[in-house]
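Welcome! Take a look at the chain below, turn it around a few times, and then try the exercises with the solutions covered.

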Amino acid sequence: MATEDRGPDRERIVDAALELAEESGWANVRLYRVAERAGVPLAAIQAEFRDQDALANAWFARALAAVGRIPPEALAGQPAPERLHLVMMRWFETLSPHREVSGEMLRAKLYPSHPQHWVPLIFDLSRLVHWFLDAARIASTGRSRQLAEVGLTVIVLASLRVWLSDCSADSERTRSYLHRRLNATDRW
């Protein structure tokens with residue numbers, strides 16, 4: 001029963017943090033204010049999140065969960081670049097309502113005085129790429145898989161940079177960029 005109660009509080013806490021970040025920027029979010037906004041005691045936040053970085057991770061995990069909910073039939077019969085495009089755009093679309101805040105979260109992870117976030121960020125990126133490949137049903141193995149991981153990592157980072165500054169309708173600039181990169185990599 002207790003685990004069922006954790007879910008709604010956890011989501012409410014993440015939503016409250018996002019609201020506050022939209023109002024005053026991610027760097028100005030304070031956990032006591034998140035608790036007040038979410039209507040939970042500060043201890044509830046401490047029980048769920050070790051720090052503000054963990055709140056950011058929960059936001060990115062929410063986007064990854066949306067990728068996992070793509071129905072298999074949406075991918076069936078599509079070539080690999082199209083499957084990857086669908087998967088990656090689902091991730092970007094989920095983050096889009098808080099695009100600027102998402103960028104602020106990533107920049108906070110790279111802040112020079114926070115080296116404790118750098119190494120986990122590398123592993124998080126690797127896991128994200130693996131999830132994208134699996135969600136897109138890319139079944140490569142061995143050397144082929146390693147090359148796919150390296151290539152997709154470069155594409156993810158480059159696409160993320162485009163997406164962060166994309167003001168086009170429906171992220172069309174990101175969609176187009178991603179299509180070009182995935183198709184070029186597939187041909188290569």
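Here are five exercises, each with a worked solution.

This is a predicted model, in which local features need pLDDT of at least 70 and side-chain atom pairs count only at pLDDT 80 or more, while totals for chains, interfaces and linings use all residues. Residues are numbered from 1 along each chain as its sequence is written, and side-chain values use heavy atoms, with hydrogens and water left out.

**Exercise 1. The core**

Find the residues of the largest nonpolar core that touch the most other members, and the helix that gives the most to this core.

Step 1. Start with the term: a nonpolar core is a set of buried Ala, Val, Leu, Ile, Met, Phe, Trp, Tyr and Cys residues joined through side-chain atoms within 4.5 Å. Buried means under 20% relative accessible area, exposed means over 50%, and partly exposed lies in between (1.4 Å probe, protein chains only).

Step 2. The largest nonpolar core has 50 residues, and those touching the most other members are Trp26, Trp91, Phe132 and Leu152. Eight residues come from helix α4 (residues 52–68), which gives the most to this core. Helices here are DSSP runs (H or I, at least four residues), numbered from the N terminus.

Step 3. Now look around Trp26. Contact means heavy atoms within 4.5 Å. Leaving aside neighbours within four places in sequence, the contacts of Trp26 are Ala17, Ala21, Gln52, Leu55, Ala56, Val101, Glu104, Met105 and Ala108.

**Exercise 2. How α6 meets α8**

Describe the packing of α6 and α8 by angle, axis distance and handedness.

Step 1. Two packed helices are described by the angle between their axes and the distance between the axes. Axes are lines fitted to C-alpha atoms, for helices over the stretch in contact, and angles run from 0 to 180 degrees between N-to-C directions.

Step 2. Helix α6 (residues 80–95) packs against helix α8 (residues 115–135) at an angle of about 130°, and their axes are 8 Å apart. Angles under 35 degrees count as roughly parallel, over 145 as roughly antiparallel, 65 to 115 as roughly perpendicular and the rest as oblique. Therefore α6 and α8 are oblique to each other.

Step 3. The crossing of α6 and α8 is right-handed. A crossing is right-handed if the near helix is turned clockwise from the far one by less than a right angle, and left-handed if anticlockwise.

Step 4. On the α6 side, the contact is made by Leu84, Val87, Met88 and Trp91, and on the α8 side by Leu128, Phe132, Leu133 and Ala135. By class, these are eight nonpolar, no polar and no charged residues. For the classes, Ala, Val, Leu, Ile, Met, Phe, Trp, Tyr, Cys and Pro count as nonpolar, Asp, Glu, Lys and Arg as charged, and the others, Gly among them, as polar.

**Exercise 3. Two partners for α7**

Which residues of α7 meet α9, and which meet α4?

Step 1. Helix α7 (residues 99–109) and helix α9 (residues 142–164) have axes 10 Å apart, at an angle of about 130°, so they are oblique to each other. The crossing is left-handed. Arg99, Ser102, Gly103 and Leu106 of α7 make the contact with Leu160, Trp163 and Leu164 of α9. Sorted by class, there are four nonpolar, two polar and one charged residues.

Step 2. The axes of α4 and α7 come within 10 Å and cross at roughly 130°, which makes α4 oblique to α7. This crossing is left-handed. In α7, Ser102, Met105, Leu106 and Lys109 meet Asp53, Ala56, Asn57, Trp59 and Phe60 in α4. The classes here are five nonpolar, two polar and two charged.

**Exercise 4. Arg83**

Is Arg83 buried or exposed, and what does Arg83 touch?

Step 1. Locate Arg83 in helix α6. With a relative accessible area of 15%, Arg83 is buried.

Step 2. Not counting residues up to four places away in sequence, Arg83 touches Leu75, Gln78, Ala136, Arg137 and Ile138. Arg83 and Leu133 are 50 residues apart along the chain, with their C-alpha atoms separated by 9.1 Å.

**Exercise 5. Positive phi**

Where do Arg137 and Asp170 lie?

Step 1. Arg137 lies in the loop between α8 and α9. Although not a glycine, Arg137 has a positive phi of about 60°. Arg137 counts as partly exposed, at 44% relative accessibility.

Step 2. Asp170 lies in the loop between α9 and α10 (172–187). Asp170 is not a glycine either, yet has a positive phi of about 55°. With a relative accessible area of 56%, Asp170 is exposed.

Notes:
Helices (H or I, at least four residues) and strands (E, at least two) are DSSP runs, numbered from the N terminus.
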